[in-house]
Amino acid sequence: MTARRHKGLLRTTGLAGIAGLAVLLPGLAAAQQNTASGSAGPEWQAPADSSIQQRAGGAALAPQATPLANRPVADRTPSPRLPETVEPTADITLDGTVPDAESPDEAATVLADSLVLQGDQTLIAAGGVVVWYQGARLVASRMIVDGESGELTIEGPIHLSRPGAADPEAAAILIADSAQLDRELQDGIVRGARLVIAHELQLASRQATRSEQGRFTRLENVVTSACQICAENPVPLWEIRARSITHDARTSLLHLDHPQFRAFGLPLAAVPFTVTAPDPTVERRSGFLRPEFRTTSRLGFGMKLPYFVTLGDHADMTIIPYFSTSRTRTLELRYRQAFRNGAMEWSGAISRDDIEPGETRGYLFGAAEFELPRGYKLGVRIQAASDRSYLLDYDVTEADRLWSGVTLERIKRDKLLIARVGNYHSLRDYEDNDTSPAQVADALWQRRFTPNYIGGEALMEWSLHAHRRPSDEDVKGRDIARASFGLDWRRSEILPGGFVGAAILGLDADLYRIAQDNRYEDAVLRAYPTTGVELRWPLAGYSGGATHLVEPVVQLLWSPRGGDDDIPNEDSRLIEFDEGNLFSTNRFPGWDARETGLRANLGVSWTRIDPQGWSIGLTGGRVFRDRAVSQFPKDSPLSGQHSDWLLAAHYDSGTGLAISNRALFDDSFNFSRNELRLGWLRSDLQLSAGHLWIDSNQDEGRRTDINEFTANIGWQITDGWWGSAETRYDFTANQAQMAALDLTYRNECVSVEMGLSRRFTDSDNVRPETSFDLSVRLGGFGRQKDIPGTVARRSCMR
C-alpha cells in the first residue's frame, strides 16, 4: 500500500470576481481571501479586512459586542482568533487497485432503444442512448461507434457529465447539439456547445474542442455568464464575450482571450490580452480580489483593490493598497501561515493622510497559536497602533486597550493551567500609560479532585501575579507581586424529605510584595478560612401537562472578619451581583478583596416548562449579614447589612424568541441596576436588543448613570435583499453613540453590498465620522462565502 499525505492547507472563502475594468486586469486569477490555514483553530476576521461586515447573527440574547476572553485570567481586551484551518488530507492507493483513468480497456455500458451491429463492427445506438464509462455518463439521441478507430459520432441533444467524480456537484457538465469524440468520451470536437461549471457558470459557443484526456475544453467565439437566461429575454444582467475561453479541468482555471465585459447588453470594458480567472470551484488562487469603494467624512472617496498571493498550501499574503481623494495613501498587508501544529496571522497598515499632516500612522496586529506536547498550547499576540483615532478612521477595530504578549495553557478534565506575560497599552484619552499597570504576568493552576476519607469535591488553586507601572513616582508608580493559594471543598448529601444538604469549607492565603507606595507595608501575608452549610429543596410538579420546578435555597457562610486596607485593591473594583453568583462564597472578581463575616445567601427559583415547547423562569434572592460591612462601595448593591433584592426572569418561546431581565432594587423599589435583553432568531429575522441601567458609582469609575440602548437586526426585506441595522444610544448623554445600516442584494450571478454608518464619538483625538461602503461581486468566479438571506432568481415565463 502506498500513501500520499498533504500538510494542512490554507483555506479561503472570501469573495473574488470580475467587476468592470478594475477586475479585467493582467494576471487576474481572482482569488478568494477570507479563511486560513493548516491545523486546528477558529476563523479570525482580520481587522484590516472587508469594510462591510455582517452585523446580524449570533446568540439570541447577545447583542453584538467585542468578545472578551472567557477565562479565569481575563484582561477584557479583544482576543483575535486564529485563521480557519483545514485538516490535512490523505490520498491512499491500495495494492491491486488502479484508478479508473488508468484502465482504458474497461468495458463501457450502453443502454438504448435499439442497438444495431453492422458487418464492419460499427455499432449504431439510437433512441434514449445512455453510456457509462470510467465514471462518465453520456446521454444522447443517437450514437455511432466506428469499429476500427473507436471514435464516436454523437447526435444530440448531448449531456456529458461525471456523476462518479469525487465531487459531482463541482464537476463541469457539457451540453451540445452534436459531437465527434474518442472512445474514452474525452477528446474531440463538440458543436453547439455549452459548458456548465458547478451549476453556476455557463459558457456557450458554436464549437468547442476537448484535448489531453478532457483536461482542456476550448470554446471559440464564446459568451459566458452566471445569470439565468430566459427565451423571451435572452440578454443577461452581465456577460463576458471573448474570442476563446479555455477551461483547464486540472487547475480549475479559465483563460479568457480578449474578453469584453457587458452589462444589460452594453459593452462597458475590454482588454486586448488574455485574462485568467478561477472557476466556481476554486477556494484559493493568486489574483485580485473584489474592489471595495469607501467614502468617509474624514478621508473622502477612496478605493481598495486587494491582491491575494498564495505562497504554497500553507501560507498566503494579501496586499491592499487604499487610495482616497488626495487624503490618504495607505498600504495594508496581511500574512497567514499554517503549520503542522498551529497557525498564525499578521495584519498591519501604514498611512500618510491629511488627518495628521506630515505624520506616519499605522497599526500592527498579530496572533499565533501552537500545540505543544502533552496538551499544552502556546499563544502569541501582538497589538500596536499609532493612535486610537487611526483604528477608528480606517475601520480596524473599536478597541481602546491593546495587549501584546505570550500565553501558555493546558486544559484537562480535572486540571487547568493558564500563564501569560505581556504589556498593556491604553489608547484612552484619560488614562496615563506611565501610571497604569503596563507589564503584567499571571499564572494560574487549578486541580479538581475527590479527597480520600471525607469524599465530596475539592478544588485546589495556585496563582501568581505581578504588574509594573513605568513611573518611578511614589504611589502613582506602585508595583505589586502576589502569590496565592486557594482550597475549596464541598460535599452534598440527600436528606430525608427530599432535602439536599451540603457542607462547605475553604481557605484562601495570599503573600503580597508592594513597592513604590509608602502607604503600605513592603510585604503582607494574609489568610481567610471559610466555612458554611447549604440546604436546597428541589420540588417538581405537574399541572395541565406542564412541568413546574421550584427550588428554595438557603446558604450560611462565615469567614473571620477583617479589612483589606493593608492591600491596594487593583483587580476587584467592578463587582457583579446576579443569579450566577448569588450563592457564591466570594463575589469579588479578583484576589485583592475577599468577602468576609457572617452572611446568609437566600434565594428561590421557579421554572415552568410547557408541553408546547416554551418555558419561563424566575429567580429571586438576597444576601443578609449579621452587621453592616464596608467591604463593598457605598453605592454598591451589595453594601450594607443586606444587599439589594435580585430578581431575574427569562422566557424562551422554543421557536427563536427569548427575553430575559435582571433587576436589583432596594426595599423602596429604587432600582440600582436593570438589564433587559431580547432576541429573536428566525430564518428571515435576526433581532438582538438590550437596555441597560446602572446607577452612578464613584468607586467604580462611573460619575454618571449608565442608561443605554443597544440593538442590531437583520431581516429578509424581500427575495434577494437582506438588510441589517445596528445602533447604540446613550440616554444619559441624550445622543446616539453609533448607527449603521447595511444592505445586501444577491441573485444567481451578482451580489452587491452597501453599508452606511455614523460614529458620534467626540473627544480630543476622535471625531465624529460618517462612512459609506460599496462592493460588487460577480458570481461564477471563485467560491463565494455563505451569508444570511435568500438568493433572488430570475423567473422565466413559458
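**Notes on a strand-rich predicted model**

1. To start with the surface, the accessible area of the protein comes to about 39000 Å², and 55% of that belongs to carbon and sulfur atoms. Please keep in mind as you read on that this is a predicted model.

2. On the overall make-up, the protein has 48 strands and one helix. There are 798 residues, of which 44% count as buried. Among contacts with a separation of 6 or more, 52% are between residues 24 or more positions apart.

3. Next, the nonpolar cores. As background, nonpolar side chains in soluble globular proteins tend to be buried together. Here the largest nonpolar core has 43 residues, and the members that touch the most others are Leu138, Met143, Ile154, Val190, Leu203, Trp238 and Leu254. Leu203 is a good one to click on: setting aside neighbours within four places in sequence, Leu203 is in contact with Ala193, Arg194, Leu195, Ile197, Leu219, Val222, Val223, Thr224, Ile245 and Leu254. A second core, separate from that one, holds 14 residues, including Tyr322, Tyr363, Phe365 and Leu427.

4. You may enjoy the aromatic residues, with a count of 17 aromatic pairs. Take Trp238 and Phe781, whose ring centres are 6.2 Å apart; their planes are at 35 degrees, so this pair is tilted. Trp238 belongs to strand β14 (residues 238-248), while Phe781 is in the segment after β48 (769-778), so the pair ties together parts that are 543 residues apart in sequence. Both Trp238 and Phe781 are buried, and Trp238 has already appeared above among the core residues that touch the most other members.

5. A second pair to look at is Phe499 with Trp537. Their ring centres lie 4.8 Å apart and their planes are at 20 degrees, so the pair is stacked. Phe499 lies in the loop between β32 (479-494) and β33 (500-515), and Trp537 in the loop between β34 (523-536) and β35 (539-543), so the pair ties together parts that are 38 residues apart in sequence. How exposed is Phe499 in terms of relative accessible area? The value is 26%, and Phe499 is therefore partly exposed. Trp537, at 33% relative accessibility, also counts as partly exposed.

6. There is also an aromatic cluster, formed by Tyr322, Tyr363, Phe365, Tyr390 and Tyr394. Tyr322, Tyr363 and Phe365 also belong to the second core. In addition, the charged end of Lys304 sits over the ring of Tyr322, 5.3 Å from the ring centre. Elsewhere, Arg536 has its charged end over the ring of Phe583, at 5.6 Å from the centre of that ring.

7. Finally, a few backbone details for your checklist. Most peptide bonds are trans, and most residues other than glycine have a negative phi. Which two residues does a cis peptide bond join? They are Gly156 and Pro157, with omega at about 5 degrees; Pro157 is placed in strand β9 (residues 152-161).

8. Two positive phi values complete the list. Gln134 is not a glycine, yet has a positive phi of about 50 degrees. Gln134 is found in the loop between β7 (123-133) and β8 (136-145). Is Gln134 buried or exposed? With a relative accessible area of 12%, which falls under the 20% cut-off, Gln134 is buried. Ala198, also not a glycine, has a positive phi of about 55 degrees, and lies in the loop between β11 (188-197) and β12 (201-211).

Methods: Residues are numbered from 1 along each chain as its sequence is written. This is a predicted model: local features need pLDDT of at least 70, side-chain atom pairs count only at pLDDT 80 or more; totals for chains, interfaces and linings use all residues. Side-chain values use heavy atoms; hydrogens and water are left out. Helices (H or I, at least four residues) and strands (E, at least two) are DSSP runs, numbered from the N terminus. Buried means under 20% relative accessible area, exposed over 50%, partly exposed in between (1.4 Å probe, protein chains only). Contact means heavy atoms within 4.5 Å. Accessible areas come from the Shrake-Rupley method with a 1.4 Å probe; for residues, only the protein chains shown count as cover. A nonpolar core is a set of buried Ala, Val, Leu, Ile, Met, Phe, Trp, Tyr and Cys residues joined through side-chain atoms within 4.5 Å. Rings of Phe, Tyr and Trp (its six-membered ring) pair if their centres lie within 6.5 Å; planes under 30 degrees apart count as stacked, over 60 as edge-to-face and the rest as tilted. A charge sits over a ring if NZ of Lys or CZ of Arg is within 6 Å of the ring centre and within 35 degrees of the ring normal.
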